[in-house]
Amino acid sequence: LIGDLELELPGGFRIGDTVISKFAFEDEDGSVADGERGEVVGRANGTSDPKLFVLCKFPNFTGNLNVLIGDLELEVPRQEKMRAMRWKRFIPRWKSGIGGDESTTRLLQESSSSS
């Protein structure tokens, strides 16, 4: 299961990615609004070209939906998300005076003032 979570899907998406729909859709199973947040849950199934789709779930839609990768956008680009996670770990330590050298302190101060 761990290997599946790290598996890259079409379009560079990964299981667990939060996505924003760039489409509107409605049927008897519910609806997805343009701009609605959803989650990538796996590889598409039952499509003519699985390389163009990923399987997603949306809050107002029962079950999962195969979505064209061009109709989705990552909510937070993965690089920015990782950068934010790193800063959240280091800034509390820096503020409490634990760890880090002078260059780390300077870098954190510059980063804090540019945000």
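## Terms and overview

A residue is called buried under 20% relative accessible area, exposed over 50%, and partly exposed in between. Glu-8, with a relative accessible area of 46%, is therefore partly exposed. The same terms serve throughout this report.

The model is predicted. Its chain has 115 residues, and buried residues make up 23% of them. The accessible surface of the chain comes to about 7900 Å². Carbon and sulfur atoms hold 52% of that surface.

## Layout of the chain

Three helices and seven strands make up the secondary structure of the chain. Along the sequence they follow the pattern α-β-β-β-β-β-β-β-α-α. One helix opens the pattern, and two helices close it.

Contacts also reach across the sequence. Take the contacts with a separation of 6 or more: residues 24 or more positions apart account for 41% of them.

## The sheet

Five strands form an open sheet. Their order is 6-5-4-1-7, and the pairing is antiparallel. Strand 6 (65-68) and strand 7 stand at the edges. Each has a single partner strand, so one side of each is left without a neighbour in the sheet. Neighbouring strands of this sheet are turned by 50° against each other on average, direction ignored.

What holds paired strands together? Strands of a sheet pair through backbone hydrogen bonds, either parallel or antiparallel.

## Strand by strand

Start at the edge with strand 6. It pairs with strand 5 in the antiparallel sense, over four bridges. Here Phe-53 stands opposite Leu-68 in strand 6.

Next comes the pairing of strand 5 with strand 4. These two run antiparallel and are joined by four bridges. Arg-43 has Val-54 of strand 5 as its bridge partner. Val-40 stands opposite Cys-56, also in strand 5.

Strand 4 also pairs with strand 1 (residues 18-21). This pairing is antiparallel and has three bridges. Val-19 faces Gly-38 of strand 4 here.

## The nonpolar core

The largest nonpolar core has 13 residues. Which of them touch the most other members? They are Cys-56, Phe-58 and Leu-72. Strand 5 and strand 6 are the elements that give two or more residues to this core.

Leu-72 has a long list of contacts, even leaving out residues up to four places away in sequence. Among them are Phe-13, Val-19, Ile-20 and Phe-23. Val-54, Cys-56, Phe-58 and Val-67 are also on the list.

Strand 6 shows an alternating pattern. Leu-65 and Val-67 point to one face and are buried. Asn-66 and Leu-68 point to the other face and are not buried.

## A buried serine

Ser-21 lies in strand 1. Is it buried or exposed? At 1% relative accessibility, Ser-21 counts as buried, because the limit is under 20%.

Its contacts, not counting residues up to four places away in sequence, include Val-32, Ala-33, Asp-34, Gly-35 and Glu-36. Ser-21 also touches Phe-58, Asp-71 and Leu-72. Two of these, Phe-58 and Leu-72, were named above for the core.

## Salt bridges

How many salt bridges does the structure hold? There are three.

One joins Glu-75 to Arg-37, with the closest N and O atoms 2.1 Å apart. Glu-75 lies in the loop between strand 7 (72-74) and helix 2 (78-95), and Arg-37 is in strand 4 (residues 37-43), so the pair ties together parts that are 38 residues apart in sequence. Glu-75 is partly exposed, at 29% relative accessible area.

Another joins Glu-39 to Lys-57, where the closest N and O atoms are 3.7 Å apart. This pair also links distant parts of the chain: Glu-39 is in strand 4 and Lys-57 in strand 5 (residues 53-57), 18 residues apart. Glu-39 is partly exposed at 30% relative accessibility. Lys-57 is partly exposed too, with a relative accessible area of 39%.

Glu-8 and Arg-14 form a salt bridge as well. Their closest N and O atoms are 3.8 Å apart. Arg-14, at 30% relative accessibility, counts as partly exposed. Its partner Glu-8, at 46%, is partly exposed too.

Definitions and conventions: Residues are numbered from 1 along each chain as its sequence is written. This is a predicted model: local features need pLDDT of at least 70, side-chain atom pairs count only at pLDDT 80 or more; totals for chains, interfaces and linings use all residues. Side-chain values use heavy atoms; hydrogens and water are left out. A salt bridge is a side-chain nitrogen of Lys or Arg within 4 Å of a carboxyl oxygen of Asp or Glu. Buried means under 20% relative accessible area, exposed over 50%, partly exposed in between (1.4 Å probe, protein chains only). Two strands pair if DSSP finds at least two bridges between them. Axes are lines fitted to C-alpha atoms, for helices over the stretch in contact, and angles run from 0 to 180 degrees between N-to-C directions. Contact means heavy atoms within 4.5 Å. Accessible areas come from the Shrake-Rupley method with a 1.4 Å probe; for residues, only the protein chains shown count as cover. A nonpolar core is a set of buried Ala, Val, Leu, Ile, Met, Phe, Trp, Tyr and Cys residues joined through side-chain atoms within 4.5 Å.
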